[in-house]
Amino acid sequence: MKTLIIGLGNPILGDDGVGWKVAQEVERQLLPSPPAPLPVGEGGIAVECFSLAGISLMERIIGYQRVILIDSLNTGQYAQGEVVTFSLDSLEDLLHGHSASAHDLSLKGALKLGRSMGADLPRDEDIQVVAIEAAHVYDFTEELTPEVAAAVPKAVEMVMNLAGAR
């Protein structure tokens with residue numbers, strides 16, 4: 001199964017960059033030494049980091065059967081640094097207030113649009129999210145708070161398990 005692992009967020013906004021840090025560690029563990037590109041053909045795994053959402057993110061996942069998104073989560077429902085995982089199909093489609101741009105869609109909306117145009121996209125249940133609860137997602141720093149930094153190894157393990165690499 002062709003799998004794409006994506007670290008989402010902004011690496012210069014404190015805990016919002018945790019998706020990138022987890023993805024970079026996953027990539028380090030997946031790559032042989034010295035680093036060589038992972039095959040992305042049948043059964044291959046690719047790892048990337050993006051600050052994308054909506055239509056741009058949908059376009060990036062075309063051609064993959066399984067996607068694992070890694071991101072910060074700011075709900076106030078979990079302790080700082082708690083790692084949660086869920087599939088995209090379990091999320092409500094929030095049509096308003098999710099984007100800084102009036103010219104974009106939620107990821108679920110973008111996937112629906114892409115599928116209606118015949119794009120080869122994974123099903124919502126094949127898009128897994130690994131998220132770390134974080135309150136400091138607007139601090140101008142490349143450093144994670146201690147609670148979020150301590151959650152990185154657990155998130156890496158979850159991603160590796162979801163990807164079938166463990």
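This briefing describes the fold, the central strand pairing, the salt bridges and selected surface residues of one protein chain.

The model is predicted, and the protein chain averages a pLDDT of 87, with 86% of the residues scoring at least 70. The chain has four helices and five strands, which follow the pattern β-α-β-α-β-β-α-β-α when read along the sequence. Strand β5 (residues 127-133) is largely enclosed by the rest of the structure, because seven of its seven residues are buried. The structure also holds five salt bridges, and a nonpolar surface patch is made by L105, L113 and M117.

**Confidence**

- Among the helices and strands named here, two mark the ends of the confidence range: it is lowest in helix α3 (residues 107-116), at a mean of 91, and highest in helix α4 (residues 146-162), at 97.
- Over residues 96-100 the pLDDT is below 50, and this stretch has four contacts in the model beyond near neighbours in sequence.

**Overall make-up of the chain**

- The protein chain has 166 residues, of which 43% count as buried.
- Of the contacts in the protein chain with a separation of 6 or more, 79% are accounted for by residues 24 or more positions apart.
- The chain exposes about 8,700 Å², and carbon and sulfur atoms supply 55% of that area.

**Strand β5 and its partners**

- Both faces of β5 are covered, since I127, V129, A131 and E133 are buried on one side, while Q128, V130 and I132 are buried on the other.
- In a regular strand the side chains alternate between the two faces of the sheet.
- Strand β3 (residues 66-73) pairs with β5 in the parallel sense over seven bridges, and within this pairing S72 has I132 of β5 as its bridge partner.
- Strand β4 (residues 83-87) runs antiparallel to β5 and is joined to it by five bridges, with S87 having Q128 of β5 as its bridge partner.
- The two bridge partners named in β5, I132 and Q128, are both among the residues buried on the side that also holds V130.

**Salt bridge within helix α1**

- E25 forms a salt bridge with R28, in which the closest N and O atoms are 2.6 Å apart.
- Both residues lie in helix α1 (residues 18-30), three residues apart, which is about one turn of the helix.
- E25 is partly exposed, because its relative accessible area is 23%, whereas R28, with a relative accessible area of 54%, counts as exposed.

**Salt-bridge network around R123**

- Side chains of opposite charge can pair when their charged atoms come close.
- R123 forms a salt bridge with E125, the closest N and O atoms being 3.3 Å apart, and D126 forms a salt bridge with R123, for which the closest N and O atoms are 2.8 Å apart.
- Salt bridges that share partners therefore join R123, E125 and D126 into one network.
- Within this network R123 is partly exposed at 47% relative accessibility, and E125 is also partly exposed, with a relative accessible area of 36%.
- D126, in contrast, counts as buried, because its relative accessibility of 19% falls under the 20% cut-off.

**The loop between α3 and β5, and the nonpolar patch**

- M117 is found in the loop between α3 and β5, and M117 is exposed, with a relative accessible area of 66%.
- Together with L105 and L113, M117 makes a nonpolar surface patch of about 280 Å².
- A119 lies in the loop between α3 and β5 as well, but A119 is partly exposed, with a relative accessible area of 24%.
- Leaving aside residues up to four places away in sequence, A119 touches I62 and G114.
- The C-alpha atoms of A119 and E59 are separated by 8.6 Å, although the two residues are 60 residues apart along the chain.

Key
Residues numbered from 1 in each chain as written. Predicted model: local features only at pLDDT ≥ 70, side-chain atom pairs only at ≥ 80, totals over all residues. Heavy atoms only, no water. Buried < 20%, exposed > 50% of the residue type's maximum accessible area, 1.4 Å probe, protein only. Pairing = 2+ DSSP bridges. pLDDT = per-residue confidence, 0-100. Contact = heavy atoms within 4.5 Å. Patch = residues over 30% accessible without salt bridge, like charges linked within 9 Å, V, L, I, M, F, W, Y side chains within 5 Å. Areas by Shrake-Rupley, 256 points an atom, 1.4 Å probe, with all protein chains shown as cover. Salt bridge = Lys/Arg side-chain N within 4 Å of Asp/Glu carboxyl O.
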